[in-house]
Amino acid sequence: KMSDAEVEGKRYKVVWSCLLLVEMVMSNVACAAHFQTLATNVVGKVVELLRLFNSRSTHLVLMAGAIHSAARLKSINAKHLALVTQCLGLVIGTLPHVRAALMAQLPSKQHTLLVDLDRVKKEYADHNEKVLSKFVSIIGGIVEHALAPRIGKTDFDARAKKSAAAADGSIVTAANVVCCPFLEGISSNTKKMHQVLSVLLPEEHLQDVFSRIFAYVDSKVPSLFITASAASASEGSGGAGGNNSFSLPQTDDGKRRMVLEVEAMSNALNRLSGVQPWDFSAMKVLEKKLDINLDTEGKEEQPDDPAKEAFGNKEDAKAEDSLMNGEDGVKENNGDKTHERYEGDGSDGDAETKESLTENVNDVDNTNADNTVSSSAAVEITNNNGLSSEGEQNVCNGEKDSSTATEQAGLSEDRSEPCVREEEDET
């Protein structure tokens, strides 16, 4: 029979033996308050009572002594563990008040006796931690011994093919996928434990327990799949493969099906009421092992952003303008170089002579630059005048055709410019 007790605003569901313990401790504290000479002995008696309760509850529940005791329990289940942790929580909550009441009755020289109460509190906390870990052990035993053999009968490639045939074109997601017997067993057994503990444990204890369970499941599920695949591979290489051999999926649909089923199991666990959602990483582990990524799989290409496209067009236009400007600059530079070459040319228009003259001008030392420029200018004036007269004579005599006369006339016009500039400089 369970009873409700409240300490510092927290409610506990405890059994009759825990209430009897609290009553006996309060009786000893009252005795110390009425008879201060007995306060030293009362501290020792309270410590003995608390340690007796702690040791007996450990033996009966954690060590399954209740199965062979007068109670004749068939098994120790999650309900028994939940009641033990509630009783321990009640005692831990009352110990600070008991310690303060006894300190008030003890002389200052004997306050060191209260160290034993601090040790008892630590023993209760350790016992409570073991009980909480026992919940994980229960789930672990079910997963590793009762459910793990089901992995050998699972073929995710075949399950993916079968679901694709029955889906009629609909997309299979984690919301509508049916888990394999192994994953479904983990989900159903965890839900059963939640139904029991949600009635007995407060919310903070419930969150603590299931955070431990989720952490165990998150790390154990991928390792069991990988271990089963490795064991089947070793048995197959030794020629002892059986019908229950398991192998990781080979097709993309099978890999996707495996990850989706694990995701569906994790989503079902996170939907339990009163628990803190857990960030499961089992899917990422399996994706890495299977070399598949569901985050990028099946995503359609997004249409280009109009603003981004416009910005890109502007950038392309700028690049094209800069390219055209660069070509114009090259052309202008080439034109200047050609003009300079014609200015430094001799009396004829031979290309080889122009190149040799340009090379000779470029090879002149910087120390003689002024003399070279002045001499080149004098040559340019004379040559230009000579070319102009030759062009006029050829046009008048009619020795050359009209095209040659036109080219030389144009050349004379081009070469008249430096002459005009030189005359201006002399002026």
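Which residue in β2 is the bridge partner of E6? The answer is R11. I will come back to that hairpin shortly. Before that, please keep in mind that this is a predicted model.

First, the general layout. The protein has 13 helices and two strands. Of its 427 residues, 33% are buried. If you take the contacts with a separation of 6 or more, 74% of them are between residues 24 or more positions apart.

Now the strands. β1 covers residues 2-7 and β2 covers residues 10-15, and the two pair in the antiparallel sense over six bridges. Besides E6 with R11, the bridges include S3, whose partner in β2 is V14. Two residues sit between the strands of this hairpin. E8 is in that loop, between β1 and β2. Its phi is positive, about 55°, although E8 is not a glycine. Is E8 buried or exposed? E8 counts as exposed, because its relative accessibility is 63%, and the cut-off for exposed is over 50%.

There is another residue of this kind further along. D291 also is not a glycine, and its phi is positive, near 60°. D291 is placed in the loop between α9, residues 282-290, and α10, residues 306-343. D291 has a relative accessible area of 69%, so it is exposed.

Next, the cysteines. How many disulfides does a search of the whole structure find? Zero. Take C18: the nearest cysteine sulfur belongs to C87 and is 4.1 Å away, and C18 is in no disulfide. The cut-off for a disulfide is 2.5 Å between the sulfurs. C18 is buried, at a relative accessible area of 0%. Then there is C179. Its closest cysteine sulfur is in C180, and at 6.6 Å that is too far for a bond. C179 is buried as well, with a relative accessible area of 14%.

On to a polar residue in a helix. T85 lies in α3, which runs over residues 78-105. Is T85 buried or exposed? T85 counts as buried, because its relative accessibility is 1%. The T85 side chain makes a polar contact of 2.4 Å with the side chain of N128. If we leave aside neighbours within four places in sequence, T85 is in contact with N128, V131, L132 and L201.

Now the aromatics. A search of the whole structure finds six aromatic pairs. One of them is F182 with F225, and the pair is edge-to-face because the planes are at 80°, with the ring centres 5.4 Å apart. Where do these two residues lie? F182 is in α6, residues 181-200, and F225 is in α7, residues 203-237, so the pair ties together parts that are 43 residues apart in sequence. Both F182 and F225 are buried. Another pair, F210 with F214, is tilted, at 6.1 Å centre to centre and 55° between the planes. F210 and F214 are both in α7, four residues apart, so about one helical turn separates them. F210 is buried, with a relative accessible area of 0%, and F214 is buried, also with a relative accessible area of 0%.

Ring pairs also make a cluster, which links F156, F182, F225 and F246. F182 has other company too. Leaving aside its neighbours within four places in sequence, F182 is in contact with V143, L147, A148, R150, I151, V221, L224 and F225.

That leads to the nonpolar core. In soluble globular proteins, nonpolar side chains tend to be buried together. Here, the largest nonpolar core has 85 residues, and those touching the most other members are L50, F135, F182, L197, F210 and F225. Which helix gives the largest share of this core? That is α3, with 12 residues.

To recap the aromatic part: F182 and F225 form an edge-to-face pair, belong to the ring cluster with F156 and F246, and are among the residues that touch the most other members of the largest core. F210 is in that list as well, and its ring partner in the tilted pair is F214.

That is what I have for today. When you look at the model, a place to begin is the hairpin, where E6 and R11 are bridge partners, and then the contact between T85 and N128.

Key: Residues are numbered from 1 along each chain as its sequence is written. This is a predicted model: local features need pLDDT of at least 70, side-chain atom pairs count only at pLDDT 80 or more; totals for chains, interfaces and linings use all residues. Side-chain values use heavy atoms; hydrogens and water are left out. Buried means under 20% relative accessible area, exposed over 50%, partly exposed in between (1.4 Å probe, protein chains only). Two strands pair if DSSP finds at least two bridges between them. A polar contact is a pair of N or O atoms within 3.5 Å; within protein, one must be able to donate a hydrogen and the other to accept it, and residues adjacent in sequence count only if both atoms are side-chain atoms. Contact means heavy atoms within 4.5 Å. Rings of Phe, Tyr and Trp (its six-membered ring) pair if their centres lie within 6.5 Å; planes under 30 degrees apart count as stacked, over 60 as edge-to-face and the rest as tilted. A nonpolar core is a set of buried Ala, Val, Leu, Ile, Met, Phe, Trp, Tyr and Cys residues joined through side-chain atoms within 4.5 Å.
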